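Q: Please take a close look at one part of this structure, a pocket and the charged pairs around the chain. A connected account is preferred to a list.

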Amino acid sequence: MDLQIQNRPLLDLYALLLLEEGARTNLTSKADREALYQKHIVTSLAILRALEDACVTLSPALDVGSGAGFPGLPIKIVRPEIEMTLLEATGKKTSFLESAVGALKLDGIRVIQARAEDLARDPEHRGAYNLVLARAVAPLPVLLELTLPFLAPNGVLAAPKGSARQREVAESASALATLGGTIEATLPLQIPGPGPQQALVLVRKTGPTPDKYPRRPGIPAKRSL
């Protein structure tokens, strides 16, 4: 089934909630429904398709820096069997996510307001996920420190990247060696319509992450590994 039309009524409701909330609080940039679908929802579903084509284990999943719910919430809508956690540090955004989850009547999903640097030290979450999603959160060397501690052995980080991906991958060698990860693949994202080419960088958890990582909030972004 075409991922763009599966569970379309719920995707339509989610888009409506986003447009209404965006008009009130600037949660998302101004856009009509079709533009929002193209920029955010279609891209999220392209990520899902790439993961399924690569036979990545999808559950349990953690969406780090979920913002208004991308890519985790559209993925959950069309694959309701996935156990999904949405992690967001900003109160306004977590409030929207909680209200959206309630309006969509989704089960098996939770919203957590916290910094990744803090939550990754919680034994309930450290090493607990087979899949970590992170869209537009940080350059890859920084992102690795924020996300790899959440992954179970052999789990996968899926990070959509644009034109800077080759440079970011090249700059990640030290972080990968330190944190226990390996670049497994860079997959093209099949997103119809105009726009910059995007790809999905997959990082496999191949070794343990030392207990001292991630460092305290703000340090990974200031001094990447």
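Is Arg 115 buried, partly exposed or exposed?

A: Arg 115 is partly exposed, with a relative accessible area of 37%. The model is a predicted one, and every value here is computed from it.

The side chain of Arg 115 meets that of Glu 117 in a salt bridge, at 3.1 Å from N to O. Glu 117 is buried, since its relative accessible area of 6% falls under the 20% cut-off. Arg 115, at 37%, lies between the 20% and 50% limits and therefore counts as partly exposed. The bridge thus joins a buried acid to a partly exposed base.

Both residues also belong to a pocket. The second largest pocket has a volume of about 230 Å³. Its lining comprises 16 residues, and Arg 115 and Glu 117 are among the closest to the centre, together with Ala 89, Ala 116 and Val 137. Four elements each supply at least two lining residues: strand S2 (84–88) and helices H5 (116–119), H6 (140–147) and H9 (219–222). By class, ten of the lining residues are nonpolar, three are polar and three are charged.

Two of these elements come up again in another charged pair. Glu 145 forms a salt bridge with Arg 215, with 2.7 Å between the closest N and O atoms. Glu 145 sits in helix H6 and Arg 215 in the loop between strand S7 (199–205) and H9, so the pair links parts of the chain that are 70 residues apart. Glu 145 is buried at 0% relative accessibility, and Arg 215 is also counted as buried, at 19%.

The whole structure holds eight salt bridges. Another of them pairs Arg 79 with Glu 52, again with the closest N and O atoms 2.7 Å apart. Here the loop between helix H3 (72–78) and S2 is linked to helix H2, across 27 residues of the chain. Arg 79 counts as buried, at 14% relative accessibility, whereas Glu 52 is partly exposed, at 30%.

Helix H2 (residues 33–53) leads on to the nonpolar interior. The largest nonpolar core has 41 residues, and those with the most contacts inside it are Tyr 14, Ile 41, Leu 51 and Leu 73. Helix H2 gives the most to this core, nine residues. Beyond its neighbours within four places in sequence, Ile 41 is in contact with Leu 11, Tyr 14, Ala 15, Leu 36, Phe 70 and Pro 74. A second, separate core has 27 residues, including Val 64, Ala 138, Leu 140 and Leu 144.

Methods:
Residues are numbered from 1 along each chain as its sequence is written. This is a predicted model: local features need pLDDT of at least 70, side-chain atom pairs count only at pLDDT 80 or more; totals for chains, interfaces and linings use all residues. Side-chain values use heavy atoms; hydrogens and water are left out. On a 1 Å grid over the protein atoms alone, a cavity is a set of points where a 1.4 Å probe fits but cannot get out, and a pocket is an open set with protein on both sides within 12 Å along at least five of seven lines; lining residues have an atom within 4 Å of a point. Grid points are joined across faces, edges and corners, and a volume is the space filled by probe spheres set on the points. Ala, Val, Leu, Ile, Met, Phe, Trp, Tyr, Cys and Pro count as nonpolar, Asp, Glu, Lys and Arg as charged, and the others, Gly among them, as polar. A nonpolar core is a set of buried Ala, Val, Leu, Ile, Met, Phe, Trp, Tyr and Cys residues joined through side-chain atoms within 4.5 Å. Buried means under 20% relative accessible area, exposed over 50%, partly exposed in between (1.4 Å probe, protein chains only). Contact means heavy atoms within 4.5 Å. A salt bridge is a side-chain nitrogen of Lys or Arg within 4 Å of a carboxyl oxygen of Asp or Glu.
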